[in-house]
Amino acid sequence: MFNWEFRDPIFLLLLPLAVLVFWLANRSRSSLVFSSLALVAGSPKSIRVWLSKLPPLLFALASVALIVGLARPRTPERETRVTRDGIAIMMIMDLSSSMNARDLVEEDRSINRLDVVKQVFLKFVLGQEEASLFGESSTKGRPDDLIGLVTFAGYADSVCPLTLDHGNLANIVRDLQIVSVQSEDGTAVGDGLGLAVERLRRSKAKSQIAILLTDGVNNAGVIPPIRAAELAAETNIKVYCIGAGTTGLAPMPAIDMFGRNTLLPQPVEIDEVTLKQIAEKTGGRYFRAENFEALQQVYSEIDRLEKTEVTELRYLRYTEHFAGFVATGLGLLVLASGLGGSLFRRLP
């Protein structure tokens, strides 16, 4: 009852008429003249006398039900989304051996770069639905966007096509591993971007973007990164580039001379010049993320910049209740007329 509304509430102004109906139905139509009331003054009132006002009351209630029915009471069922225009987003993720560096989470050296990237990316896609190793998500996710995934090391691989099935995409991301075979290692930035461009070109989404994340320098593959950027620009694909990790020296897992697992500083380098050129050619932006907090801010900024375009129509379905009130009112009228003409009939 608390979420009811009326389509024509103006009719509710007629409710005071129910008092007038009661008065008209209850008044005496005729009277007899007595010389004295002594004969009935002390007589006890029967139940029939007490109930004699029932027909007028039923007439009044009937008028209330009919007036409420005229006001068209209804309850809204649900709000329905008709159309929503999402964005096609292709994530390009580096899986080279340098992603095993332990420099993005300073307080926990057991977490490598890839672990952090996967967690932040899942937050970007799923929002609050995804539990994180690093705290609550600051984004709402991208439920209306087509999202796919390309990975690269020495070779590029399309591991997930553009999809709205973000649950399946999340499972694929969680299973990603850094390359372990030396012959497959490397950083084929151009091949990764080129493959992502090819996948995005097949999408019918009005807006298409790629997020390229790497921690190294292009040293493998057959497509130069700048050429891949030109292909993206030709098809109006905006590329956001992220350079993840520190430069110079970063702690990497190694085995010391005694056969123990340890962390040793290894030289690392990010080709920021090329990443900036890619972003500039495609109308995107370059971001630098040297730790987990910075990487999370980068994805939050991309989430803010790339808003899903909404062309949305909403409507409410209603459940109408006027028929019940009209039926009740008519039923009360019939009952009141019947009682007034039989059991509670008044004689002149």
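**Questions on a predicted model**

There are 11 helices and 11 strands in the chain. The model is predicted.

Student: What share of the chain's 348 residues counts as buried?
Tutor: Buried means under 20% relative accessible area. The chain has 348 residues. The share of them that counts as buried is 41%.

Student: How much area does the chain expose, and what part of it do carbon and sulfur atoms supply?
Tutor: The exposed area of the chain is about 19,600 Å². Of that area, the part from carbon and sulfur atoms is 56%.

Student: Among contacts between residues at least 6 apart in sequence, what percentage joins residues at least 24 apart?
Tutor: A contact here means heavy atoms within 4.5 Å. Take the contacts between residues at least 6 apart in sequence. The percentage joining residues at least 24 apart is 77%.

Student: Which helix gives the most to the nonpolar patch on the surface?
Tutor: The patch is formed by Ile10, Phe11, Leu13, Leu14, Leu17, Leu20, Trp23, Leu24 and Leu70. Together they have about 870 Å² of accessible area. With 4 residues, the top contributor is the helix at residues 17–26, α1.

Student: Isoleucine 10 belongs to that patch. Is isoleucine 10 buried or exposed?
Tutor: Isoleucine 10 sits in the loop between β1 (5–6) and α1. Its relative accessibility is 57%. The cut-off for exposed is over 50%, so isoleucine 10 counts as exposed.

Student: Where do the buried residues of helix α9 lie around its axis?
Tutor: The buried residues of α9 (residues 272–282) are Thr274, Leu275, Ile278, Ala279 and Thr282. They span an arc of only 135° around the axis, so they lie on the same side of α9.

Student: Which exposed residues does the opposite face of α9 carry?
Tutor: The buried side of α9 packs against α7 (189–201), β6 (208–214), α8 (225–234), β7 (238–244) and β10 (286–289). The other face is turned away from that buried side. Its exposed residues are Val273 and Glu280.

Student: What phi does glycine 283 take?
Tutor: Glycine 283 comes just after α9. Its phi is positive, at about 80°.

Student: How far apart in sequence are the parts tied together by aspartate 103 and arginine 113?
Tutor: The two side chains meet in a salt bridge, 2.7 Å from N to O. Aspartate 103 lies in the loop between β3 (88–94) and α5 (113–126), and arginine 113 lies in α5, so the pair ties together parts whose separation is 10 residues.

Student: Is arginine 113 buried or exposed?
Tutor: Buried needs under 20% relative accessible area. Arginine 113 has 0%. Its partner aspartate 103, at 9%, also counts as buried. By the cut-off, arginine 113 is buried.

Student: How many residues apart in sequence are the parts that aspartate 215 and arginine 113 tie together?
Tutor: This salt bridge is also 2.7 Å, N to O. Aspartate 215 is in the loop between β6 and α8, while arginine 113 is in α5, so the parts they tie together are apart by 102 residues.

Student: Which helix holds both glutamate 198 and arginine 201?
Tutor: Their salt bridge has its closest N and O atoms 3.6 Å apart. Glutamate 198 and arginine 201 are 3 residues apart, about one turn of the helix. Both lie in α7.

Student: Which residues do salt bridges with shared partners join into one network?
Tutor: Arginine 113 meets aspartate 103 in one salt bridge. Arginine 113 also meets aspartate 215. The network is Asp103, Arg113 and Asp215.

Methods: Residues numbered from 1 in each chain as written. Predicted model: local features only at pLDDT ≥ 70, side-chain atom pairs only at ≥ 80, totals over all residues. Heavy atoms only, no water. Patch = residues over 30% accessible without salt bridge, like charges linked within 9 Å, V, L, I, M, F, W, Y side chains within 5 Å. Areas by Shrake-Rupley, 256 points an atom, 1.4 Å probe, with all protein chains shown as cover. Salt bridge = Lys/Arg side-chain N within 4 Å of Asp/Glu carboxyl O. Helix = DSSP H or I, 4+ residues; strand = E, 2+ residues; numbered from the N terminus. Buried < 20%, exposed > 50% of the residue type's maximum accessible area, 1.4 Å probe, protein only. Arc of directions from axis to C-beta.
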